[in-house]
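Here's a quick briefing to read alongside the structure. Have the viewer open and follow along.

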Amino acid sequence: MNTIGIRSLTKILSKNTEMQMPDSVGYKVLAVIAGLGIMIPCTLIVGFISYVMTEALIEAGSPGGGMLFEMQILSAFSMIFGILIIFSVMFFSSDREHFVTLPIPSHHLMMAKFLYAYFAESVMEFLVLIAVFVGYFIAVGRNIGLSAALHPVSILGAVLGIFLIPLVPMLYCAIFSLILMASLSKVKNTKTFYRISTVFMLLFAGLFLLSLKGIGDINMENYVESLGSGKNILLRTLNIVFFPVPWLSKAISEGNILWLLLSILGSAVILVIFFFLGKALYQKGLYTAASLGSSKKASIKSKDITDSSQFKASIMKELRVILRTKAFSGNCAYINVIWPAGAWMLFHFTKDKGGMVSFIEMYQLGRERAGMIMLMVVISIAFIATALNSLASTAFTREGQHLSLIKFIPVPYEVQMYAKAAVSMLFTIPALVLTNIIICVYLHTPVFMSVFYMLVMILAHMISLVIGMIMDSSAPYVEWDDEYAALRGNLNTFFNMAIMMVLSLVVVGLGLLIYELLKLPLTAYYLVMLIILVIFMLRMVFFGKKRIIENMEKMS
């Protein structure tokens, strides 16, 4: 195998399929904010969870159980969300037609595309795994001893595990895509391929629900006990599917070199199977992908534009792009369902347990601190939900290489801008309103306070929306190969999420400061926070409109 050629292809793919950060002080500041607002907090939280679970499972006689569970959950999510990425990168990227004409063995191209997707998708997972291992070693060092925590095999296993754990699920995704593309070569509908991730998600959800069976009351203590006893159905199933992971866990927790070598060998076997399978099937899969593209293009029918309203026509165009594209529909539109679903699950399963009972009682008794916490929560949800769906931060990126049409179609910039904003509101606000209703029903919130919470959520949503559109209009990412790259490689989406997380912390901190220093009555506190949000929103809307239109005029 020509490893030099594969490495060169991987470098080319990495340079051509990721957004290059603009050379400006503003974006460098955003990069720092992203690190402080997303990456560091996430790793600290995961590290703390790993530490707590390890301590709990040391008492149960299974010190590596918590680490193993976290590694397997990461493996499962890598496979669920990686399958569409692998499909897209290996078979449906726009550079396919350019590479297949070059004198490059198809399986070398396959390996380069896989390695690119593996590293591009695993950067954050690498950091999370570092946090998992650090939390584990700290807990072991405090409870068992430094000699156990600093065992050379354990340290080596953790270092290798950072790279091996994401590798196995991504290899499974690649092998599955090869077999599916080769065996379904006569299928002319790409939906068949993209629905697979939904199947994986449902299977995972089903296993998780089964793992709750027989543990008694649903709480963290009972769940951790099920992990330690080895009776957790989800963990037992994942241990079979991702079989090198429990071997690696034993190598780290026991300091056993044989388990480490066995884990490496297991991963290597899967990699070899993928290589030789790709050598036999990848070319056939490329032919299938080419025929799917031809079929798709041939089925498109031209329609006359009958909409008399430019605004309505612009909205319909945005909706078609989002809903007819799997990457955009799943990651931008349907992802909003997680907020009402998450709110319902949170209250449904915890309303009678622990801290949630205390909070609900405090809120219903009219305690000021509970009311303050509730306001901060709904504002933060609105900020983060808007950034998470990336509808605003990809408003112009979604145009891709057709971005210049914004300047030439006979529709004013202002109308196009309002249409992009309206689509973000159309998908986000109903989800926020439903989330608010669910929370207020469980808290028995008065109607007028429910309306107040809904109002502040909409204000926060508008602020996040404008910031996202300003960022994306300033430096849209247009040189993407496929829609997943438009989302995955778009720095504007990542930076917007970081800004919203930091802004949420600022609002929460400001609220606490106002509450503690001024000692305002709760009603006055609500009024002050409402005025702050209204002023900020109006400022952002008036300033943002001008800035976005100026950026649209500069687009080429």
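Below are some notes on the overall fold, followed by a look at two helices.

Keep in mind that this is a predicted model. The protein is built with 24 helices and zero strands. Its chain runs to 556 residues, and 50% of them count as buried.

**Overall picture**
- If you take contacts between residues at least 6 apart in sequence, 83% of them join residues at least 24 apart.
- The protein exposes about 26500 Å², and 70% of that comes from carbon and sulfur atoms.

**Helix H14**
- H14 covers residues 310-323, so to speak a run of 14 residues.
- From first C-alpha to last, H14 reaches 20 Å, which is close to the 20 Å expected at 1.5 Å a residue.
- At the N-terminal end of H14, Ser 309 acts as a cap: one of its side-chain oxygens sits 3.4 Å from the backbone nitrogen of Phe 311.
- Five names to click on here are Ser 314, Ile 315, Glu 318, Leu 319 and Ile 322, which are buried.
- Those buried residues lie on the same side of H14, because they cover an arc of only 135 degrees around the axis.
- What do the buried residues of H14 pack against? Their partners are helix H15 (326-333) and helix H20 (413-443).

**Helix H11**
- H11 spans residues 233-241, and its buried residues are Leu 234, Leu 235 and Leu 238.
- These leucines cover an arc of only 95 degrees around the axis, so they end up on the same side of H11.

How values were computed:
Residues numbered from 1 in each chain as written. Predicted model: local features only at pLDDT ≥ 70, side-chain atom pairs only at ≥ 80, totals over all residues. Heavy atoms only, no water. Helix = DSSP H or I, 4+ residues; strand = E, 2+ residues; numbered from the N terminus. Expected span 1.5 Å × (residues − 1). Buried < 20%, exposed > 50% of the residue type's maximum accessible area, 1.4 Å probe, protein only. Arc of directions from axis to C-beta. Contact = heavy atoms within 4.5 Å. Polar contact = N/O pair within 3.5 Å; in protein donor to acceptor, adjacent residues only side chain to side chain. Areas by Shrake-Rupley, 256 points an atom, 1.4 Å probe, with all protein chains shown as cover.
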